[in-house]
Amino acid sequence: MSSTRRPEPDPAAGVAVVGGGMLGLVVALRLAQAGRAVTVLEAGSRIGGLAAPWELDGAHGPVTWDRFYHVTLASDGELRALLAEVGLEGLVRWRTTRTGYWDGHRLVSASTPAELMRLPGLSPWARARLGATLLAGMRIRDPAALERIPVRRWLERWSGPTAFARFWRPLLEAKLGSSWPDANAAFIWATIRRLTAARRAGLRREELGYVPGGYATVLRALEDRLRRLGVDVRTGSAVTRVATTPDGVRVHHAAGAPVGAGAVVVTTTPGRAAALVDGLSPDERRAWTAIRYQGVVCASLLLRRPLSPYYLTYLVGETPVTAVVEMTALVDPAELGGYHLVYLPRYASADEEVFTAGDAELIDRFLGGLRRIHPALTPADVVTARIARAAEVFPIPVLGASERIPPVVTSVPGVYLATSAQIRHGTLNVNETVIAAQRAAAEILAAERDPGRSVAGLGRLGSRR
Ligand SMILES: Cc1cc2nc3c(=O)[nH]c(=O)nc-3n(C[C@H](O)[C@H](O)[C@H](O)COP(=O)(O)OP(=O)(O)OC[C@H]3O[C@@H](n4cnc5c(N)ncnc54)[C@H](O)[C@@H]3O)c2cc1C
């Protein structure tokens, strides 16, 4: 990357934000609040990206809820502050939920430390070591060193080979597929931290929250706030190319004349961004395209009856899905036309067979897997089933992942990258997305205020947490 001085971007010329997911919308909010004229260009027909809602056919009309499941934790401080800002925090409904565990034969509760210590399929010694692993994970504050340790080595050291093979490995495979051996130990640390956040915060019970109406409500409030700040939010506007001009950038998109701006913030995955932005250095392009993402294929089911008391059921047996997420163990079924909403996610990379299989085949396969866990479920219980696919959800947490984080400030003047790949030592969730967006916005404003700083210097800033 060169260390040339950047030409001064013109703040008055406005900023284009590519991508209207939560990251792009929060970047747009913070830049608009700082006085910038912002245009958001979203490819989809509605804003929200992975957090967007969709419709499921109920017998008496469509039921609207998130395409992918979302919960909020009490410890999601930045997200809750954002919800407060758009007038929604007071509406969040908090519920104590339970967690299930299916070992391939039995479904049991794994909701408390005592229940975890009674998990089937593990000897008392293996369970004790599992408990020691969770405690070790909770105690580590700085996971930097864990990023250089393969997840298997760290887990086998703490849990032993049996608990690793019976408990951890199936869970890793479920979330990371065939990429699990590449994962670093900080990934499991981040997962343990998120699972135990409520207890560490001194909360007596593990409560999960949701905004009535789901993310459709959040997105409506956010869009309303953006429009009142004068932000131009455009859907159906897939960006095809970002080019620089002598006075700024030109953003070409599918829905009309290119948008000219002083600067552009691309909020897609780095790989997609690399395909859009002209003039990246070869090193930058190589680094951006090398960041591999894990995807998900997820069925939403509307059922006439509940399946279990568990919001989340971990599955470690042979099963076509990664987990069972029973949304209505948290959300009042009255919000969903009286139905029970269940998600069946299967995490996979975009080149795996599950991404090319047809919807009917997948529904059949996923329901077959669900019936092994809940044999009493009949076809008549299933009102509707719909498949969602997202090829890029979170970056594979490879060894030394934070050293590969692309900076917000790129080598192309006026072009910034704000992406989920900049989330450091975290699991993907909206709280981390809000943090990444706000950090990126602050960095962009700082770069505008001090345009004489070298690209290399700003690059270092870009990777600081
Ligand atoms: C299965 C699943 C479960 C989840 N569970 C939770 C949970 O329980 N709690 C939680 O907090 N979070 C959860 N999340 C994570 C949450 O959804 C994400 O953190 C968040 O939505 C990511 O936002 P983003 O803007 O970074 O990415 P995205 O939502 O992917 O947004 C990127 C946007 O860019 C657009 N785009 C791409 N290319 C272009 C282009 N060329 N031109 C214009 N626009 C373009 C896309 O259409 C998209 O709208 C979950 C996600 C998934 C998939």
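In this predicted model, a polar backbone atom of Asn-429 lies 3.4 Å from an oxygen atom of the ligand. Side chains also take part in such pairings, since a polar side-chain atom of His-70 is found 2.7 Å from an oxygen atom of the ligand, and an N or O atom in the side chain of Thr-433 is 2.9 Å from an oxygen atom of the ligand. On its own the ligand has 1,000 Å² of accessible area, and the protein covers 89% of that area.

**The shell around the ligand**

- The ligand is surrounded by 28 residues, and the closest of these are Glu-42, Leu-50, Tyr-69, His-70 and Val-430.
- When the residues of this shell are sorted by class, 17 are nonpolar, 9 are polar and 2 are charged.
- Three helices, namely H1 (22-33), H9 (270-276) and H12 (430-449), each contribute at least two residues to the shell around the ligand.

**The domains of the protein**

- The domain assignment divides the protein into domain 1, which is made up of the segments 11-49, 215-292 and 397-462, domain 2, which covers 114-200, and domain 3, which combines 207-211 with 293-395.
- Taken over C-alpha atoms, the centres of domain 2 and domain 3 are separated by 24 Å.

**Where domain 2 meets domain 3**

- In the contact between these two domains, 10 residues come from domain 2 and 8 residues come from domain 3.
- About 790 Å² of area is buried between domain 2 and domain 3, and carbon and sulfur atoms give 61% of this buried area.
- On the side of domain 2, the residues that lose the most area to domain 3 are Leu-171, Ala-174 and Lys-175, which together account for 52% of what that side buries.

Methods. Residues numbered from 1 in each chain as written. Predicted model: local features only at pLDDT ≥ 70, side-chain atom pairs only at ≥ 80, totals over all residues. Heavy atoms only, no water. Near = heavy atom within 4 Å. Polar contact = N/O pair within 3.5 Å; in protein donor to acceptor, adjacent residues only side chain to side chain. Areas by Shrake-Rupley, 256 points an atom, 1.4 Å probe, with all protein chains shown as cover. Helix = DSSP H or I, 4+ residues; strand = E, 2+ residues; numbered from the N terminus. Nonpolar A, V, L, I, M, F, W, Y, C, P; charged D, E, K, R; others polar. Domains from an automatic or database assignment. Contact = heavy atoms within 4.5 Å. Buried area = accessible area lost by both parts, 1.4 Å probe.
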